[in-house]
Amino acid sequence: MPHDHGHAHISAQSGDRRVSVAIWANALLTVAQIIGGILSGSLALIADALHNFSDMASLLIAFAARKIARRPADEDMTFGYGRIEIVAALINYTTLILIGFYLIYEGAMRMIDPPQVQGWTVVILGTVALIVDSLTAWLTWSMQKGSVNIRALFLHNLSDALASLAVIVGGTLIILYDLRWVDPVITIGIALYILWLAFTEIGGPIRTLMLGSPPEMDGSKVVETVRSVEGVSDVHHVHLWQMQEHEAALDCHVVLTAEAWSRIETVKREIKDRLRDRFAINHSSLEFEHQDRAHDNAELYGHGQE
């Protein structure tokens with residue numbers, strides 16, 4: 001499927017180094033925020049720490065997935081290992097959802113009885129967190145355009161930066177006006193944003209793992225392109241899916257006219273060329289049937305009646 005590759009290319013090694021830096025930065029920040037949150041009594045700070053901890057775990061998963069995805073195909077994984085990055089993205093989004101619901105629960109409990117919060121500790125650590133989150137988001141920004149795995153990380157870090165900004169605002173209000181209820185309110189706000197972000201993005205990895213057709217590709221146009229090749233009578237049993245994030249695949253049964261049966265290789269070449277040129281489908285498996293012996297009442301998509 002076509003994709004925009006106009007952004008600057010980053011080598012695999014350079015990308016790995018960026019992710020490594022982000023892992024260490026988030027690890028140190030998580031420890032600092034948890035300690036600071038406990039000492040200051042700020043749930044918002046601990047919420048931000050948990051979010052950063054999930055980022056660190058997500059970065060570790062993504063780092064491992066990047067390494068595994070580059071392995072070549074073998075007898076156990078004949079399509080290769082590229083889908084591991086889709087799995088990693090799904091894990092990361094699921095983690096975000098669980099954290100979001102947990103923070104809403106904790107925030108609601110704190111709304112009932114807001115604790116005393118040390119505002120200066122919250123502001124200082126929130127500022128440090130904002131710097132680290134912004135750095136991590138910057139490190140992954142140019143990489144996320146071509147990878148759902150890294151995009152999940154980027155969105156994690158972007159939401160972290162916004163959460164850290166909210167923590168700073170909350171800490172400032174506590175210092176100026178002793179508004180203790182602001183802390184759990186901000187926590188719930190962070191959680192709602194996390195949930196919105198996760199539920200918005202999780203559909204893509206699920207669709208890919210469910211062998212759905214590429215969302216940016218019109219399946220009916222693919223079918224019509226095959227049917228438009230001279231000598232093709234009909235098409236059925238069409239399967240269109242994504243083998244990996246940027247690699248679409250097609251297999252189908254192609255019914256040929258009696259005249260075209262004698263030049264089956266020419267027709268096959270024409271079909272494959274059109275699929276590659278118009279839809280960037282480089283992997284296609286075509287089963288040919290003579291129109292006099294084709295399946296009767298066959299389903300267009302999937303395998304129904306034979």
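Is W241 buried or exposed in this predicted model? W241 counts as buried, at 13% relative accessibility. Here buried means under 20% relative accessible area, exposed over 50%, and partly exposed in between (1.4 Å probe, protein chains only). The model is predicted, so local features need pLDDT of at least 70 and side-chain atom pairs count only at pLDDT 80 or more, while totals for chains, interfaces and linings use all residues. Residues are numbered from 1 along each chain as its sequence is written, and side-chain values use heavy atoms, with hydrogens and water left out.

**View 1. W241 pairs with F79.** The two rings meet edge-to-face, 6.5 Å centre to centre, with 90 degrees between the planes. Rings of Phe, Tyr and Trp (its six-membered ring) pair if their centres lie within 6.5 Å; planes under 30 degrees apart count as stacked, over 60 as edge-to-face and the rest as tilted. F79 sits in the loop between α2 and α3, and W241 in strand β1 (residues 232–244). The partners are 162 residues apart, so the pair links distant parts of the chain. F79 counts as partly exposed, at 45% relative accessibility. The whole structure holds two aromatic pairs. Helices (H or I, at least four residues) and strands (E, at least two) are DSSP runs, numbered from the N terminus.

**View 2. The largest nonpolar core has 27 residues.** A nonpolar core is a set of buried Ala, Val, Leu, Ile, Met, Phe, Trp, Tyr and Cys residues joined through side-chain atoms within 4.5 Å. Y93, L103 and I190 have the most contacts inside this core. Helices α2 (43–69), α3 (84–112), α4 (119–141), α5 (148–177) and α6 (182–201) each supply at least two of its residues. Helix α6 gives the most, with eight.

**View 3. L103 and its neighbours.** L103 touches A47, L50, T187, A191 and I194, not counting residues up to four places away in sequence. Contact means heavy atoms within 4.5 Å. Apart from the largest core lies another, of 22 residues. Among its members are V226, A248, L256 and F288.

**View 4. R269, D273, R276 and D277 form a salt-bridge network.** A salt bridge is a side-chain nitrogen of Lys or Arg within 4 Å of a carboxyl oxygen of Asp or Glu. D273 bridges to R269, with the closest N and O atoms 3.2 Å apart. Both lie in helix α10 (residues 264–279), four residues apart, about one turn of the helix. D273 also bridges to R276, at 3.1 Å. These two are three residues apart in α10, again about one helical turn. D273 is partly exposed at 21%, as are R269 at 43% and R276 at 35%.

**View 5. R227 bridges to E224 in helix α8.** The closest N and O atoms are 3.1 Å apart. Helix α8 spans residues 219–227, and the partners are three residues apart, about one turn. R227 is partly exposed, at 30%. E224 is partly exposed too, at 45%. The count of salt bridges comes to eight.

**View 6. A nonpolar surface patch covers about 660 Å².** W120, I124, V128, I175, L176 and Y177 make the patch. Helices α4 and α5 each give two or more residues. Y177, in helix α5, is exposed at 56% relative accessible area. Patch residues have over 30% relative accessible area and no salt bridge; like charges are joined within 9 Å, nonpolar side chains (Val, Leu, Ile, Met, Phe, Trp, Tyr) within 5 Å. Areas come from the Shrake-Rupley method with a 1.4 Å probe; for residues, only the protein chains shown count as cover.
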